[in-house]
Amino acid sequence: MAKTETQGYLMQAIDATIQFGGLRAVDSVNMNITAGTIVALIGPNGAGKTTFFNLLTGIYTPTEGEILFEGRSVSGKKSHVIADWGISRTFQNIRLFKNMTALENVMVGRHVRTSSGPFAATFRTPSFKREEKQIQEDSERWLEFVGLIEHANDLASSLPYGAQRRLEIARALATEPKLICLDEPAAGMNESESADLDELILRIRDELGITVFLIEHDMKVVMNLAEYIYVLDFGKLIAEGVPAEIQSNPAVIAAYLGEGGAEALVEERRKKKAAERGEEYKPLDTHGAPAGTMAEAVQTSDTAAAAPATAVMDSDGVVMVAADENKGE
Ligand SMILES: Nc1ncnc2c1ncn2[C@@H]1O[C@H](COP(=O)(O)OP(=O)(O)OP(=O)(O)O)[C@@H](O)[C@H]1O
Ligand SMILES: [Mg+2]
């Protein structure tokens with residue numbers, strides 16, 4: 001496809017929409033991904049992030065608009081065709097073959113790129129056997145890449161959670177994608193697993209040259225890795241930009257304010273501050289809003305938190321409220 005037609009973008013969403021009954025889960029979304037970048041898609045629970053991945057990977061077809069990959073529309077294309085074009089993904093809820101080994105799970109991904117037909121497979125022709133051997137060696141290399149080669153013969157279900165997430169990434173890489181879509185790869189990981197994941201994602205882009213499209217709630221991961229961020233809320237894009245812009249975007253902060261995740265982070269921060277000052281921690285509890293919600297923290301003028309206009313999100317995803325610093329709790 002000519003560069004002018006795609007404007008040089010690997011992926012373009014043009015007014016992409018999917019309607020389920022009365023719900024526009026993805027609503028007129030426009031998005032561009034440049035090859036070789038790491039792009040994040042963030043937003044509160046139920047914002048439509050996974051649904052967007054489902055549109056991109058052929059699980060759903062847009063009811064309006066379209067998504068182009070290298071200038072070709074994915075609409076109506078089967079998932080395996082889209083995988084063949086060069087998009088692979090991992091799932092929010094890990095989808096591994098639990099009773100297969102780590103190596104066998106990667107080999108399943110590798111089969112996307114092989115040529116033997118059912119005849120060769122049934123009669124185990126020499127060319128089939130050669131190809132199987134090649135698949136195994138390639139799959140071992142992907143296990144090595146994600147740091148799981150020692151677990152090649154372990155059952156997927158026996159691996160720790162973080163390792164299962166990396167195994168899913170190895171399987172996605174084995175299809176040799178141009179674009180890898182990771183749906184909350186850090187979910188359920190501890191600090192050190194999540195730091196290892198950051199490094200792995202960077203290596204996917206830097207060493208393999210694969211474009212990364214990342215859904216992630218862990219703002220530390222997002223802010224560390226993403227060069228560009230799109231923010232969805234109720235199906236609509238409410239912001240886009242580089243991390244610094246997103247961290248200080250009032251609409252983004254407001255979207256997160258209504259959400260438990262940010263609330264918990266702010267409470268955490270207030271607790272830490274109180275401890276630093278040797279004061280007793282007092283939960284927010286005023287003005288009729290449920291105690292401790294972020295919405296309330298922002299509305300409440302006589303507590304630590306202040307107007308959202310002065311709020312920014314730090315690299316830990318903690319919504320920082322500038323006036324908080326001046327009020328002296
Ligand atoms: N097949 C479907 N039929 C009806 N509604 C759906 C379907 N798939 C998703 N939805 C709805 O679309 C909305 C967006 O869901 P989605 O899973 O994309 O959110 P998300 O941003 O990935 O959230 P989370 O962060 O919790 O994973 C939700 O309200 C969800 O219930
Ligand atoms: Mg999701």
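Helix α8 (residues 191-206) lies across β3 (38-42), β7 and β8, and runs at about 150° to β8. Contact here means that the C-beta atoms of two residues, placed from the backbone, lie within 7 Å. Axes are lines fitted to C-alpha atoms, for helices over the stretch in contact, and angles run from 0 to 180 degrees between N-to-C directions. Helices (H or I, at least four residues) and strands (E, at least two) are DSSP runs, numbered from the N terminus.

This is a predicted model, in which local features need pLDDT of at least 70 and side-chain atom pairs count only at pLDDT 80 or more, while totals for chains, interfaces and linings use all residues. Residues are numbered from 1 along each chain as its sequence is written, and chains are lettered from A and ligands numbered from 1 in the order in which they are written.

**Overall composition**

The protein has 14 helices and twelve strands. Of its 329 residues, 40% are buried; a residue is buried if 20 or more other C-beta atoms lie within 10 Å of its own, exposed if 12 or fewer, and partly exposed in between, with C-beta atoms placed from the backbone. Among the contacts with a separation of 6 or more, 64% join residues 24 or more positions apart.

**The six-stranded sheet**

The strands crossed by α8 include β3, β7 and β8, and these belong to an open sheet of six strands with the order β6-β7-β8-β3-β9-β10 and mixed pairing. Its edge strands are β6 (87-89) and β10 (236-241), each of which pairs on one side only. Neighbouring strands of this sheet are turned by 20° against each other on average, direction ignored. Two strands are taken to pair if DSSP finds at least two bridges between them.

Strand β7 (residues 179-183) is parallel to β8 (residues 211-215), with five bridges between them. Strand β7 also runs parallel to β6, to which it is joined by three bridges. Because five of the five residues of β7 are buried, this strand is largely enclosed by the rest of the structure. Leu179, Cys181 and Asp183 point one way from β7, whereas Ile180 and Leu182 point the other way.

**The four-stranded sheet**

A further open sheet has four strands in the order β2-β1-β4-β5, with antiparallel pairing. The edge strands are β2 (23-34) and β5, each pairing on one side only. Strand β1 (residues 9-20) and strand β4 (residues 64-69) run antiparallel and are joined by five bridges. Strand β4 is in turn joined to β5 (residues 72-73) by two bridges, also antiparallel. In the hairpin of β4 and β5, two residues lie between the strands, and Glu70 takes a positive phi near 50°.

The table lists bridge partners from both sheets.

| Residue | Partner | Strand of the partner |
|---|---|---|
| Ser88 | Ile180 | β7 |
| Cys181 | Phe213 | β8 |
| Leu182 | Leu214 | β8 |
| Met11 | Phe69 | β4 |
| Thr17 | Glu64 | β4 |
| Phe69 | Arg72 | β5 |

**Nonpolar core and helix α7**

The largest nonpolar core has 76 residues; such a core is a set of buried Ala, Val, Leu, Ile, Met, Phe, Trp, Tyr and Cys residues joined through C-beta atoms within 7 Å. The residues with the most contacts inside this core are Ala170, Ile180, Val212, Leu214, Val222 and Val231. Leaving aside its neighbours within four places in sequence, Leu214 is in contact with Ile38, Val39, Ala40, Leu182, Leu225 and Ala226.

Ala170 is one of the buried residues of helix α7. This helix (residues 161-173) has 13 residues and reaches 19 Å from its first C-alpha to its last, close to the 18 Å expected at 1.5 Å a residue; the expected span is 1.5 Å times one less than the number of residues. Ten of the 13 residues of α7 are buried, so the helix is largely enclosed by the rest of the structure. The buried set includes charged-type names such as Arg165, Arg166, Glu168 and Arg171. The buried residues of α7 pack against β6, α4 (102-110), α6 (126-145), β7 and α8.

**Surroundings of ligand 1**

Helix α2 (residues 49-56) lies across β1, β2 and β4, running at about 65° to β2. The residues around ligand 1 are Phe20, Leu23, Ala25, Gly43, Asn45, Gly46, Ala47, Gly48, Lys49, Thr50, Thr51 and Gln92, where a residue counts as near if its C-beta atom, placed from the backbone, lies within 6 Å. The elements that give two or more residues to this shell are β2 and α2, and α2 gives the most, with three residues.
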